Amino acid sequence: MVKLLDEIAGVDGGAVESRLPGVRFFKETRHVARRPMLYNPGICIVVSGHKVAYVGGQTFRYDVDNYLVTSVAMPFECESFPSQENPLLGMFIDIDIGQLNNLISMMERQDNPSVAVSNGRQLAIGPSAMDADMKDAAVKLVKALQSEQEARILGPGLVREVYYRALCGNQAPVLYSLVRGSGSFSQVARIIHMMEGSYSEKFDIQQLADSVHMSVSAFHKAFKDITADSPLQYLKKIRLSRARDLIVQQGMKAYLAADEVGYESPSQFSREFKRYFGRSPAELMRDVRSS
């Protein structure tokens, strides 16, 4: 699979869309120092080299033996390490909540202790062991995505198989909780989904807590247990990450990006952007223009 991905991964240092929407390939030939990232809900499979995620004092290595599952949009820090023989190579598969829910309904295993819904406050990102079945599903998906016809005909079913394998893995309780749970994880996950989808709006923490029938202090604790951030810290990271995407991908000017993501003060946006990413929006814009 390393050879296949190396041929189709495309641009070094970036991600490219595959022939199937929701599946992207990535490639890094050089070490990339620890930096802020934002992963949407999805499954990240690495076939060469490894990545290290840093989240709230915890670290997760994902590599050929461990894939990463992200159940909600998660800001975190990441470091990339190519191997000595090959570049860092892998793919990211977006999670479709509707498909996940449908699969869980078909599996009819909600009462099985081995895949019990997590009513505790488990972090929404974590590694899962790459067993033979998941590896086989990933290989078949990569092979199918080399052909337009196979991507169209076989691709959706193979993505569904990857979901199924993830529902049999270490992160299954979180994925079950995401769509079926009634505990604090699923309640906070619904708020996170709403915040991530409307990050430019103002949020009242009291109202958010009330909407999930929690006190403000309990809501703060549950939110931090799941994301490693307070609600306001999480919202700020989402806004800054989305603003960075607008600057890099659309060439948007900094003050317009700031307004687009909900900042009323361009100077505050610039200060917080530099504190988070280590360089100002203006420096990022210069880099984008020169690349």
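A search of the whole structure, which is a predicted model, finds eight aromatic pairs. In one of them, the ring centres of Tyr39 and Phe92 lie 5.2 Å apart with the planes at 70°, and the pair is therefore classed as edge-to-face, the angle being over 60 degrees. This pair links distant parts of the chain, since Tyr39 belongs to strand E3 whereas Phe92 belongs to strand E9, which spans residues 88-94, and the two residues are 53 apart. Both Tyr39 and Phe92 are buried.

Another pair is formed by Phe269 and Phe273, whose ring centres are 5.5 Å apart and whose planes meet at 55°, so that the arrangement is tilted. Both residues lie in helix H12 (residues 266-277), and because they are four residues apart there, about one helical turn separates them. Phe269 counts as buried because its relative accessibility is 1%, and Phe273, with a relative accessible area of 1%, is likewise buried, the criterion for this class being a value under 20%. Phe269 and Phe273 also belong to one aromatic cluster, in which they are joined by Tyr263, Tyr276 and Phe277.

Charged side chains are also found over aromatic rings. Arg244 lies over the face of Phe277, at 5.8 Å from the ring centre, and Phe277 is itself a member of the aromatic cluster just described. In a further case, Lys51 is placed over the face of Phe26, with a distance of 5.2 Å to the ring centre.

Arg244 reappears in the description of the largest pocket, where it is one of the residues that lie nearest the centre, together with Ala15, Met37, Asp245 and Gln249. This pocket holds about 1,200 Å³ of space, and its lining is made up of 29 residues. At least two lining residues are supplied by each of strand E1 (14-17), strand E2 (23-28), strand E3 (32-39) and helix H10 (231-250). Of these elements, H10 gives the most to the lining, with eight residues. In terms of composition, the lining of the largest pocket divides into 13 nonpolar, six polar and 10 charged residues.

The second largest pocket contains about 340 Å³ of space and is lined by 16 residues, among which Pro41, Ser71, Ile97, Leu178 and His193 lie nearest its centre. Helix H6 (172-180) and helix H7 (184-197) each contribute at least two residues to this lining, and the largest share, six residues, comes from H7. The residues lining the second largest pocket comprise nine nonpolar, four polar and three charged ones.

The surroundings of Thr70 bring together residues named above in other contexts. Thr70 is located in strand E7, which covers residues 66-70, and it is buried, with a relative accessible area of 0%. When residues up to four places away in sequence are left out of account, Thr70 touches Tyr39, Asn40, Pro41, Gly42, Ile95, Ala124 and Ile125. Among these contacts, Tyr39 is a partner in the edge-to-face pair with Phe92, while Pro41 is one of the residues nearest the centre of the second largest pocket. The C-alpha atoms of Thr70 and Gly126 are separated by 6.8 Å, although the two residues are 56 apart along the chain.

Note on methods. Residues numbered from 1 in each chain as written. Predicted model: local features only at pLDDT ≥ 70, side-chain atom pairs only at ≥ 80, totals over all residues. Heavy atoms only, no water. 1 Å grid on protein atoms, 1.4 Å probe; cavity = no way out; pocket = protein on both sides within 12 Å on 5 of 7 lines; lining within 4 Å. Points joined across faces, edges and corners; volume = space filled by probe spheres on them. Nonpolar A, V, L, I, M, F, W, Y, C, P; charged D, E, K, R; others polar. Phe/Tyr/Trp six-rings, centres within 6.5 Å; stacked < 30°, edge-to-face > 60°. Buried < 20%, exposed > 50% of the residue type's maximum accessible area, 1.4 Å probe, protein only. Lys NZ or Arg CZ within 6 Å of the ring centre and 35° of its normal. Contact = heavy atoms within 4.5 Å.
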